[in-house]
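Colleague: Could you take me on a close look at one part of this model? I would like to hear about helix H3 and whatever surrounds it.

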Amino acid sequence: LPKTEPSLDAILTEARACTACDGLPLGPLPLVRAGATARLLIISQAPGTKAHASGLSFDDPSGDRLRGWLGMARDVFYDEARVAIVPMGFCYPGRLPRGGDAPPRPECAPLWHEPILAAMPDVRLTLYVGSYAIRSFLPGYRTMTDAVADWRRHGPDSLPLPHPSWRTNAWEKKHPWFTTELLPALGERVGRLAL
């Protein structure tokens, strides 16, 4: 008999039970949202402490900002049938000694991205949010800013974005084209998805 691929639900059940990473400061709690009919895919960094506490990706001010960039209501954003959120690391990775969240754990994406992304054939727009996602999926750029500034070259089905944390306030002021050019194009692309 030919081998059948596991369903997305089966893959997500396994991913959400994953304990592959050792030494997570708050323990494993893989946060990944996806549906086989999702048309928008957000590949982000890793959940923060607020997301870990609530069990919901982007359940913090950075999520409010991202939803603002997308022009998207919270109920649409969290509807897995329409929007998938697949971070580079599914669990909260901890803090760096100098402050700020640690990078996403390297074990996660190689284990889970390929089967999850392959089980979502209806994705029409992928957003690479933050430097870790950009570096992994859009290699060849020296910096996150270089990749985001080159947004027109990525075609209608993908777009790099900075991480929507408060740290991006100063970055946006230094790069006004993000607000005046990229965000309207993002809104237009999201609108075409008819979510």
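Modeller: Happy to: what follows starts at the helix and works outward to the core, the open and closed spaces, the salt bridges and two backbone angles. Please keep in mind that this is a predicted model.

Let's begin with the helix. H3 is mostly covered, since 7 of its 10 residues are buried. Those buried residues are Ser62, Gly63, Arg65, Leu66, Arg67, Trp69 and Leu70. The cover over them includes two helices you will meet again below, H8 and H9, along with H4 and the strands S1, S3 (125-129) and S4 (158-161). Right after H3 comes glycine 71, with a positive phi near 65°.

Now for the core. Two of the buried H3 residues, Trp69 and Leu70, are touched by leucine 186, which also touches Leu127, Leu159 and Leu161 when residues up to four places away in sequence are not counted. Leucine 186 is itself among the residues with the most contacts inside the largest nonpolar core, a set of 53 residues; the others named there are Ile42, Ile116, Leu127 and Leu182. To this core H9 gives the most, with 7 residues.

H9 (residues 177-192) also carries a salt bridge. Glutamate 188 and arginine 192 both lie in this helix, 4 residues apart, or about one turn. Their side chains meet with an N to O distance of 3.2 Å, and both residues are exposed.

H3 takes part in the lining of the largest pocket as well. The helices that give two or more residues to this lining are H2 (49-54), H3 (61-70), H6 (131-137) and H8 (168-174). The pocket has a volume of about 960 Å³. Its lining counts 37 residues, and nearest its centre lie Gln45, Asp101, His163, Ser165 and Arg167. By class, the lining divides into 17 nonpolar, 14 polar and 6 charged residues.

The model has a closed space too. It holds 1 cavity of 30 Å³ or more, and the largest cavity has a volume of about 80 Å³. Of the 13 residues that line this cavity, Cys18, Cys21, Pro30, Cys91 and Cys108 lie nearest its centre. The cavity lining has 10 nonpolar, 2 polar and 1 charged residues.

Back to charges for a moment. Side chains of opposite charge can pair when their charged atoms come close. In this model the count comes to 12 salt bridges. One of them joins glutamate 80 and arginine 33, at 4.0 Å from N to O. That pair links distant parts of the chain, 47 residues apart: glutamate 80 sits in the loop between helix H4 (74-77) and strand S2 (83-85), while arginine 33 sits in the loop between helix H1 (8-16) and strand S1 (40-43). Arginine 33 is buried because its relative accessible area is 15%, under the 20% limit for that class. Glutamate 80, at 24%, counts as partly exposed. The two also belong to a network of salt bridges that links Arg16, Arg33 and Glu80. Another salt bridge brings together the side chains of glutamate 107 and arginine 105, with 2.9 Å from N to O. Here glutamate 107 is partly exposed, with a relative accessible area of 28%.

Finally, two backbone angles deserve a look. Most residues other than glycine have a negative phi. Phenylalanine 58 has a positive phi of about 60° although it is not a glycine. This residue is found in the loop between H2 and H3, and phenylalanine 58 counts as buried, at 8% relative accessibility. Alanine 194 likewise has a positive phi, near 50°. Alanine 194 belongs to the segment after H9 and is exposed, with a relative accessible area of 64%. Its C-alpha atom is separated by 16 Å from that of isoleucine 42, with their positions 152 residues apart along the chain.

Taken together, H3 is mostly covered, with H8 and H9 included in what covers its buried residues, and H3 also gives two or more residues to the lining of the largest pocket.

How values were computed. Residues are numbered from 1 along each chain as its sequence is written. This is a predicted model: local features need pLDDT of at least 70, side-chain atom pairs count only at pLDDT 80 or more; totals for chains, interfaces and linings use all residues. Side-chain values use heavy atoms; hydrogens and water are left out. Buried means under 20% relative accessible area, exposed over 50%, partly exposed in between (1.4 Å probe, protein chains only). On a 1 Å grid over the protein atoms alone, a cavity is a set of points where a 1.4 Å probe fits but cannot get out, and a pocket is an open set with protein on both sides within 12 Å along at least five of seven lines; lining residues have an atom within 4 Å of a point. Grid points are joined across faces, edges and corners, and a volume is the space filled by probe spheres set on the points. Ala, Val, Leu, Ile, Met, Phe, Trp, Tyr, Cys and Pro count as nonpolar, Asp, Glu, Lys and Arg as charged, and the others, Gly among them, as polar. Contact means heavy atoms within 4.5 Å. A nonpolar core is a set of buried Ala, Val, Leu, Ile, Met, Phe, Trp, Tyr and Cys residues joined through side-chain atoms within 4.5 Å.
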